[in-house]
Amino acid sequence: MKFLTTNFLKCPVKACDTSNDNFPLQFDGGKCQLVQDESIEFNPEFMLNIIDRVDWAALLKVAGELGSVTLPSKKPTFPCSVPELTEVGMAVLNDLHVMLLQTSITEGEMKCRNCGHIYYIKNGIPNLLLPPHLV
Amino acid sequence: MKKYLLYMVQVHLNFRRAELESLADLYNLSIDFSQYDVDSPFFVLELENDQQARDWIKRSILTRGIYEYWGQGATLDELHQDIKCQPNFEQDLQRKFKHSTFKFEFECYRGNSKANRIKQIESFHYLDFEGKIDMKHPQEVFTVVEEYTPVSENISGKTPTRIFFGRQVQMSNRSAMEKYDLKKRPYKGTTSFEAELSLVSANIAQVKPGTIMYDPFAGTGSFLVAGGHFGALVVGSDIDGRMIRGKGAQVNISANFKKYDESSQFLDVLTMDFTHNALRNSLVIDTILCDPPYGIRESIKVLGAKDPERFAGKEDIEIDGEKAFLRRDYIPTKKPYALDSLLDDILQYSSERLPIDGRLAFWMPTANDANIETIVPIHENLELKYNCVQEFNKWSRRLLVYINRGDTFNGPSNHGLKRSENNFRERYFNNFN
């Protein structure tokens, strides 16, 4: 599961929707195995579009849990198009690419901060199925 | 405005125009379809410039290519006369390419000629091109497009009945069919969707580069691959973890993306029940494209107990001092679900998640009985834009395409109505008798 996906997943338990604690899921850094796939190519234009979708506060939270502290505390602002990117901007974007798209969690678990249900990641695939009493 | 010749394929005619309109809309092109003929692969139309033609056709699957129109005739002589009579022939067409390197090509529709092609090319001498002939990397390709009328079903025509001449502006994306051919795909299954129509679906759904596409019934990932081809970041989910897991690291959905050299387009596949969705509510999903389960190969299931009494209190079961349902190897129970409800859920979800003008496209099979009307699900916020039918012998499937128009659209709705009277699965296996 790509790091970016941690920014898209909430707890699927419907009762948790009324809580603000169902997103992001809480990661147990000690139990998560991370790998990096350097073969995934950096596409600045694509990344600019993707960064738009990122919830920065959630990203900071999860990055902290997974032991990465290199992120700026505020979401960097980027120009709308690649030619307007500064050299520094391009480097920041590349760092985000490495983190969000090249890094993935192959094994691990994540927990809803509201209901406490645990979701496992096995062989890189998160399992978000629920037991009948949470449906 | 300039004249162009669009050379299309004569298959999936129900989808062809929808694809052309959707791609035109994607690039804000207004095309006059009054000369469009569903029975012909040729469509002469006007565009402002070559860039518009390139945008429009570069991702198209159901066309072959688009050419700057230089003329047409029933015979080669007539064609030459027509070319010379074009109002912009001398000052525009001829002059602009006088010094370009070039080559000639022939395209034949429904027939083939044994005519001496070199001689035919030489008959264009009046064009007075001074550039060098370059067969490998010409600056311009001039194409003679011949239409034949077959003598009978098995005997093709020998002499063309109509000939077009034009300058190639953009070939279509039809070669992608070869690249994504299921025969060459590392991981596929019985529910994998063929390359051609999955790419066409992604075009009609207007999957765009740098946007998010979601397939809630991803299976082996056929539509994810199609969405990735058009540059979207694709995410899929499926309640059946076996399907999306594949058969090991070399034979799974991720391996498919690696083979196609499009790994950066693939976000993830999640083991998840679509009706208990974990994608956060604030995430905008630009396109939803899927082939929902119709209970043909497996019945439709969602999370929950079929017999709740049997599961009462089971949340308290512990194994080795740990709640059973929190263990890594816990497998939740599933219950059957009605197709109509599932489709209602897809429409509702799309109305909540798609941006305004975002598209939902999904496939739906139906029996071909003349006496049964197919009721297509509709939602008050969604405009049903296309209903493209692919006919098989006794059944058909259709691609339904909706556009999210938002709360103010106030369209009709048939939410909650029982639409499908007959069990498609049962009838499928009874051969529709």
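In this predicted model, Pro24(A) sits in the loop that connects helix H1 to strand S1 (26-27) of chain A. The peptide bond leading from Phe23(A) into Pro24(A) is cis, and its omega lies near -10°.

The loop with Pro24(A) belongs to a chain built from four helices and five strands. Read from the N terminus, the elements of chain A follow the order α-β-β-α-α-α-β-β-β. The radius of gyration of chain A is 16 Å, close to the 14 Å that the globule rule gives for 135 residues, so chain A is as compact as a globular protein of that length. Measured out along the principal axes, the C-alpha trace of chain A spans about 55 × 30 × 25 Å. Of the 135 residues in chain A, 39% are buried. Among the contacts in chain A with a separation of 6 or more, 71% are between residues 24 or more positions apart.

Chain A also meets chain B. Each chain brings residues to this contact: 33 from chain A and 33 from chain B. On the side of chain A that touches chain B, the elements that give two or more residues are helix H1 (3-6), helix H2 (44-51), strand S4 (118-122) and strand S5 (125-126). H2(A) gives the most, with four residues. By residue type, this side of chain A divides into 21 nonpolar, seven polar and five charged residues.

Attention now turns to chain B. The UniProt record, an unreviewed entry, places the feature "domain: tRNA (guanine(10)-N(2))-methyltransferase TRMT11 N-terminal" at residues 2-174 of this chain. Over residues 2-174, chain B is 27% helix and 31% strand, and the C-alpha atoms at the two ends of this stretch are 25 Å apart.

Further along chain B there is an open sheet of seven strands with mixed pairing, in the order S9-S8-S7-S10-S15-S17-S16. Its edge strands are S9 (266-271) and S16 (382-391) of chain B, each of which pairs on one side only. From one strand to the next, the twist averages 20°.

The two edges of the sheet can be followed in turn. At one edge, S9(B) runs parallel to strand S8 (residues 233-238) of chain B, and five bridges join the two. Within this pairing, Asp238(B) has Thr271(B) in S9(B) as its bridge partner. At the other edge, S16(B) pairs with strand S17 (residues 395-404) of chain B in the antiparallel sense, over nine bridges. Three residues make up the hairpin connection from S16(B) to S17(B). In this pairing, Glu391(B) has Ser396(B) of S17(B) as its bridge partner.

A helix lies across part of this sheet. H8(B) lies across strand S7 (212-215), S8, S9 and strand S10 (287-290) of chain B, and runs at about 170° to S8(B). Eight of the eight residues of H8(B), residues 222-229, are buried, so the helix is largely enclosed by the rest of the structure. The buried residues of H8(B) are Ser222(B), Phe223(B), Leu224(B), Val225(B), Ala226(B), Gly227(B), Gly228(B) and His229(B). Just after H8(B), Gly231(B) adopts a positive phi of about 90°.

Two loops of chain B also hold residues with a positive phi. Gln206(B) is located in the loop between helix H7 (195-204) and S7 of chain B. Its phi is near 60°, a positive value in a residue other than glycine. Asp261(B) is located in the loop between helix H10 (253-259) and S9 of chain B. The phi of Asp261(B) is likewise near 60°, again positive in a residue other than glycine. Are these two residues buried or exposed? Gln206(B) has 21 other C-beta atoms within 10 Å and is therefore buried, since a residue counts as buried when 20 or more such atoms lie within that distance. Asp261(B) has 11 other C-beta atoms within 10 Å and is therefore exposed, the cut-off for exposed residues being 12 or fewer.

How values were computed: Residues are numbered from 1 along each chain as its sequence is written. Chains are lettered from A and ligands numbered from 1 in the order in which they are written. This is a predicted model: local features need pLDDT of at least 70, side-chain atom pairs count only at pLDDT 80 or more; totals for chains, interfaces and linings use all residues. Two residues are in contact if their C-beta atoms, placed from the backbone, lie within 7 Å. Ala, Val, Leu, Ile, Met, Phe, Trp, Tyr, Cys and Pro count as nonpolar, Asp, Glu, Lys and Arg as charged, and the others, Gly among them, as polar. The radius of gyration is taken over C-alpha atoms; the globule rule is 2.2 Å times the number of residues to the power 0.38. UniProt positions are given in the numbering used here, feature names are shortened, and annotations may be inferred rather than shown by experiment. Two strands pair if DSSP finds at least two bridges between them. Axes are lines fitted to C-alpha atoms, for helices over the stretch in contact, and angles run from 0 to 180 degrees between N-to-C directions.
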